[in-house]
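Me: I'm new to reading protein structures and would like to go through one feature by feature. Could you give me the general idea each time, and then the case here?

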Amino acid sequence: MLTSITANAENYPYRSDYMFLTTPNHADWLYKTGEKAEVEVIFQHYGIGKTIECEYSVANDMMKHSDYKKITLKDGRGKINMGTRKTPGFNDLEIRTTLNGKKISHHIKVGYDVDKIKPWTQEPSDFTRFWDDVLKEQANRPLQYTKELAKEYCTDKFDCYLVKLQLLDNHAFYGYLFMPIAAKQGKKCPVVLCPPGAGIKTIKEPLRHRYYAENDMIRLEIEIHGIKPTLSEKDFKEISNAFNAKNCGYLENGIENPNRYYMRHVYAGLVRCFDFLTLLPEWDGKNCVTQGGSQGGALAIIGAALDPRVNLCVANHPALSDMGAYSEEGRTGGYPHFNNSKTQFTKETLKTMALYDVVNFAKHVKGEVFMTWGYNDNTCPPTTSYAVWNNLQCKKESLITPINEHWTSENTEYNHMEWIKRHLK
């Protein structure tokens with residue numbers, strides 16, 4: 001794995017004077033169970049190969065490393081045998097050393113029979129009925145929203161509005177609605193819903209994905225906590241510290257009961273967003289799209305499963321996937337990693353997790369999906385991304401970027417928009 005040293009390459013120290021390069025002997029980083037993976041390791045200091053002693057360990061994806069072995073990289077070069085697996089999944093090679101008193105670590109993951117990875121989480125028998133009941137409850141409430149011009153984000157290509165949507169249980173979403181100027185001139189446009197990544201935070205850089213509106217797409221970028229995004233970052237930090245600082249924060253709130261779980265209004269709220277978007281006279285009447293990454297990637301898939309109006313979905317490394325898998329020793333689970341939290345794996349909490357797990361929603365998606373993920377991700381691990389991917393029964397395409405940890409490049413994100421454009425009805 002070689003990562004360029006730039007401010008945007010988050011899985012490498014910025015402006016570092018050292019570099020690890022790890023290259024598996026299979027170009028795609030994938031193996032059959034029973035095959036042994038060998039990794040060439042290069043270590044450079046100021047671009048010069050340096051003889052150095054390292055420790056390394058191989059563990060199952062997201063499991064604790066132990067039993068470190070030693071290797072000397074002569075002139076900065078060596079090879080490590082990662083061994084194999086008997087079951088489908090990923091192994092993680094961790095390398096660590098000390099240079100001038102500074103501890104340095106690096107890792108790379110390779111997969112085995114990844115198309116056979118199956119989720120631990122199974123769909124509850126009442127899964128469909130549960131969500132039908134939630135959406136019926138929401139549908140019985142009138143659509144209520146406010147919409148005001150956000151002049152600071154308007155350009156000569158689009159107008160921007162700050163929208164507030166009322167949801168179940170007195171919750172709300174705020175969002176920025178980007179309306180192409182062409183729509184004002186009579187052109188009918190597709191609608192794109194963009195749910196956020198995890199956390200209680202403002203909608204940062206609302207103009208970052210301005211190219212959607214510049215390509216004649218109506219885009220609604222939302223937050224999910226009902227906190228007005230015009231608040232200062234200081235205020236958001238104080239709110240997050242108060243309600244989201246410990247363990248898994250809001251993602252644990254009410255998890256003992258699926259009808260009181262915090263994410264209930266969030267999942268249902270995705271459908272309410274399309275209730276709003278499809279009433280816009282500028283909508284083309286055909287295309288409803290979800291797009292997001294991490295928690296946003298999870299919500300993109302969930303929205304596509306819950307709302308039959310959604311015909312296209314783009315999801316990066318979805319969180320909230322196979323969350324209960326950690327209840328079985330040695331199994332890899334997904335974000336928010338309840339194995340590290342105060343939540344106990346009980347009959348009740350596991351039932352809630354299953355009702356809210358992306359792997360179960362994936363089977364109900366009817367529209368077309370474009371999904372991206374990386375192998376070195378320790379936030380939304382590749383094991384759980386494949387568990388989602390392998391459960392998708394719709395038409396689907398993938399972009400797999402083995403080197404990526406929990407990030408996507410600006411170019412990749414722009415290409416998501418291009419993919420949507422090519423697949424519009």
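Me: Is Asn170 buried or exposed?
Reply: Start with the cut-offs: buried means under 20% relative accessible area, exposed over 50%, and partly exposed in between, using a 1.4 Å probe and protein chains only. Asn170 has a relative accessible area of 76%, so it counts as exposed. Asp169, with 40%, is partly exposed.

Me: Before we go on, what sort of model is this?
Reply: It's a predicted model, in which local features need pLDDT of at least 70 and side-chain atom pairs count only at pLDDT 80 or more, while totals for chains, interfaces and linings use all residues. Residues are numbered from 1 along each chain as its sequence is written, and side-chain values use heavy atoms, with hydrogens and water left out.

Me: How do I read pLDDT?
Reply: It is the predictor's confidence in each residue, from 0 to 100. Here the protein averages 94, and 96% of the residues score at least 70. Over residues 1–11 the pLDDT is below 50, although this stretch has 34 contacts in the model beyond near neighbours in sequence. A contact means heavy atoms within 4.5 Å. Where pLDDT is low, don't read the predicted coordinates in detail.

Me: Back to Asn170: where is its place?
Reply: First, the naming: helices (H or I, at least four residues) and strands (E, at least two) are DSSP runs, numbered from the N terminus. Asn170 sits in the loop between β11 and β12, and so does Asp169.

Me: What can phi tell me about those two?
Reply: Most residues other than glycine have a negative phi, and most peptide bonds are trans. Asp169 has a positive phi of about 55 degrees although it is not a glycine, and phi of Asn170 is also positive, near 65 degrees. For a peptide bond that isn't trans, look at Tyr335 and Pro336: a cis bond joins them, with omega about 20 degrees. Pro336 is in the loop between β16 and α7.

Me: Which strands does β12 pair with?
Reply: Strands of a sheet pair through backbone hydrogen bonds, either parallel or antiparallel. Two strands count as paired if DSSP finds at least two bridges between them. β11 (residues 158–166) and β12 pair in the antiparallel sense over nine bridges, with Gln166 opposite Ala172. Strand β14 (residues 218–222) also runs antiparallel to β12, joined by four bridges, and there Tyr176 stands opposite Glu221.

Me: How many residues of β12 are buried?
Reply: Nine of the nine residues in β12 (residues 172–180) are buried, so the strand is largely enclosed by the rest of the structure. Phe173, Gly175, Leu177 and Met179 point one way, with Ala172, Tyr174, Tyr176, Phe178 and Pro180 pointing the other.

Me: What about a strand with parallel partners?
Reply: Try β17 (residues 368–373), where six of six residues are buried. It runs parallel to β16 (residues 312–316), with five bridges between them, and Cys313 stands opposite Val369. Five bridges also join β17 to the parallel strand β18 (residues 396–400). β17, helix α9 (residues 382–391) and β18 form a right-handed β-α-β unit. Right-handed means that, with the strands pointing away from the viewer, the path from the first strand over the helix to the second runs clockwise.

Me: And which residues have the most contacts inside the largest nonpolar core?
Reply: In soluble globular proteins, nonpolar side chains tend to be buried together. A nonpolar core is a set of buried Ala, Val, Leu, Ile, Met, Phe, Trp, Tyr and Cys residues joined through side-chain atoms within 4.5 Å. The largest one here has 103 residues, and those with the most contacts inside it are Trp131, Leu177, Met263, Tyr267, Leu277 and Leu320. Helix α5 (residues 263–277) gives the largest share, 10 residues. Another core, of 11 residues, lies apart from it and includes Tyr211 and Val289. Leaving aside neighbours within four places in sequence, Tyr267 touches residues including Trp131, Leu320 and Phe361.

Me: Can we finish with a polar residue, Ser321?
Reply: Sure: at 1% relative accessibility, Ser321 counts as buried. A polar contact is a pair of N or O atoms within 3.5 Å; within protein, one must be able to donate a hydrogen and the other to accept it, and residues adjacent in sequence count only if both atoms are side-chain atoms. The side chain of Ser321 reaches the backbone oxygen of Ala319 at 2.9 Å.
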